[in-house]
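These are my notebook entries from looking through one structure. I went from a single residue outward to the whole chain, and then back to a few pairs and loops.

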Amino acid sequence: ERQGSGLVWHGSVPLGLTLRPAAWLVAEAGLRLELFRLDFTDALQHDRRFIAQPWALLPRLRLRSPLGEHWTLYAAYGRGFRSPELRSAGAGALPGEDVQLDRYRGGEPEPSVTKSLESGLRFAAGPVVLSGAGFATFVEHEQVFDHVSGTNLELNPTRRLGASLGLGLSPWSWLSLRADVDAVQARFVESGQPVPGAPWLMSTFTVAASHPQGWRTGLTGLYVAPRPLAHGATGSQQFVLDLTAAWRRGPLELQLACENLLGSDWREGEYHFASWFDP
């Protein structure tokens with residue numbers, strides 16, 4: 001049964017400022033205003049139309065300090081957001097508590113705000129770039145997809161603690177290599193249970209080559225470790241390989257992109273329930 005249809009409009013107004021209060025310190029401050037317009041027509045309420053216009057104000061601060069010729073120390077704090085569910089635009093107009101409902105009941109839709117802290121070290125010398133960082137992210141209301149209602153449900157706060165490591169090499173002017181690994185522990189703050197759908201490890205690599213005559217090509221791989229699912233289940237690991245090739249002459253560029261070069265089974269989402277009862 002069709003539940004409804006609608007549109008989500010999203011706009012952003014960014015402001016940024018860079019300060020150098022001392023020779024050893026660079027400060028980058030930013031402020032971003034995120035605006036939404038949710039326009040939802042609910043088929044379950046005789047095509048009644050609902051409009052909501054939530055917004056979020058998101059600051060960010062980043063500090064950089066050079067340590068010698070090749071090393072840079074940095075730290076950052078910022079606030080992010082997750083867009084409200086489209087169907088939440090009509091949640092505030094549901095009937096009273098004395099009416100039986102099997103649908104989500106909530107108030108006015110609001111973006112779920114996140115707070116992030118990051119600190120790391122970067123080394124750059126000639127063709128070598130090496131970086132390492134630790135981070136912590138706190139989500140006010142975790143969103144988990146519920147297969148029964150078909151919506152993203154807002155649950156309790158979560159926190160993510162992790163580390164990232166990156167290595168870049170340019171042995172020749174026409175060749176560049178890059179590899180990144182991110183490990184994270186995502187847990188609910190109150191219960192300590194893992195967050196469904198959040199993998200503990202992700203890794204990417206890129207090989208890019210270019211030619212002075214305008215030719216360039218790139219190979220990118222992404223690995224996602226098995227992620228925890230609802231009710232104690234565990235998903236499967238995944239690996240996907242993408243290939244791009246391009247040729248440019250003056251204002252003209254031709255590009256060919258081949259996604260999932262190996263034809264791997266790529267699961268953008270994994271859920272723990274029976275989806276097909278008749279084999």
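Entry 1, a term to settle. Before placing any residue I noted that a strand here is a DSSP run of E with at least two residues, and that strands are numbered from the N terminus. I also noted that I am reading a predicted model.

Entry 2, Thr158. With that term in hand I looked up Thr158 and found it in strand β10, which covers residues 158-172. Is Thr158 buried or exposed? I found it buried, because its relative accessible area is 0%, and the cut-off for buried is under 20%. Its side chain has a polar contact with the side chain of Glu142, at 2.5 Å. When I set aside residues up to four places away in sequence, Thr158 touches Thr137, Phe138, Val139 and Glu142, and also Arg187, Phe188, Val189 and Val195.

Entry 3, Phe135. I then turned to Phe135, which I located in strand β7, residues 128-139. Phe135 counts as partly exposed, because its relative accessibility is 23%. I checked its spacing to Arg160 and found the C-alpha atoms separated by 8.0 Å, although these two residues are 25 apart along the chain. Arg160 is also among the residues that Phe135 touches beyond four places in sequence, and that list further includes Leu117, Glu118, Leu161, Ala183 and Val184.

Entry 4, Tyr77. I placed Tyr77 in strand β5 and noted it as partly exposed, with a relative accessible area of 32%. Leaving out neighbours within four places in sequence, I listed its contacts as Pro59, Arg60 and Leu61, together with Lys115, Ser116 and Leu117. Tyr77 and Ser119 are 42 residues apart in sequence, and I read 8.9 Å between their C-alpha atoms.

Entry 5, the chain as a whole. How many helices and strands does the protein have? I counted zero helices and 15 strands. Of the 279 residues, 24% are buried. I also looked at contacts with a separation of 6 or more, and 52% of them are between residues 24 or more positions apart. The exposed surface comes to about 17900 Å², with carbon and sulfur atoms supplying 58% of it.

Entry 6, nonpolar core. Nonpolar side chains in soluble globular proteins tend to be buried together, and I went looking for such a group here. The largest nonpolar core has five residues, which I wrote down as Leu38, Phe40, Phe50, Ala52 and Ala89. Strands β2 (25-42) and β3 (48-52) each supply at least two residues of this core.

Entry 7, aromatic pairs. My search of the whole structure returned four aromatic pairs. I took up Phe36 and Phe81, which pair edge-to-face with 5.3 Å between centres and 65° between the planes. Phe36 belongs to strand β2 and Phe81 to strand β5 (residues 71-82), so this pair ties together parts that are 45 residues apart in sequence. Phe36 is buried, at 5% relative accessible area, whereas Phe81 is partly exposed, at 23%. I then looked at Trp215 and Trp247, a tilted pair with 6.2 Å centre to centre and 45° between the planes. This pair links distant parts of the chain, because Trp215 lies in strand β13 (residues 215-224) and Trp247 in strand β14 (residues 238-249), 32 residues apart. I recorded Trp215 as exposed, with a relative accessible area of 54%.

Entry 8, positive phi values. Where does His46 lie? I found it in the loop between β2 and β3, exposed at 77% relative accessible area. Phi of His46 is near 60°, a positive value in a residue other than glycine. Asn260 also has a positive phi, near 55°, and I placed it in the segment after β15 (252-258).

Entry 9, confidence. The average pLDDT of the protein is 87, and 88% of the residues score at least 70. I marked residues 94-105 separately, since pLDDT stays under 50 there, and the model has 14 contacts beyond four places in sequence for this stretch. Where pLDDT is low, the predicted coordinates should not be read in detail.

How values were computed:
Residues numbered from 1 in each chain as written. Predicted model: local features only at pLDDT ≥ 70, side-chain atom pairs only at ≥ 80, totals over all residues. Heavy atoms only, no water. Buried < 20%, exposed > 50% of the residue type's maximum accessible area, 1.4 Å probe, protein only. Polar contact = N/O pair within 3.5 Å; in protein donor to acceptor, adjacent residues only side chain to side chain. Contact = heavy atoms within 4.5 Å. Core = buried A, V, L, I, M, F, W, Y, C linked by side-chain atoms within 4.5 Å. pLDDT = per-residue confidence, 0-100. Areas by Shrake-Rupley, 256 points an atom, 1.4 Å probe, with all protein chains shown as cover. Phe/Tyr/Trp six-rings, centres within 6.5 Å; stacked < 30°, edge-to-face > 60°.
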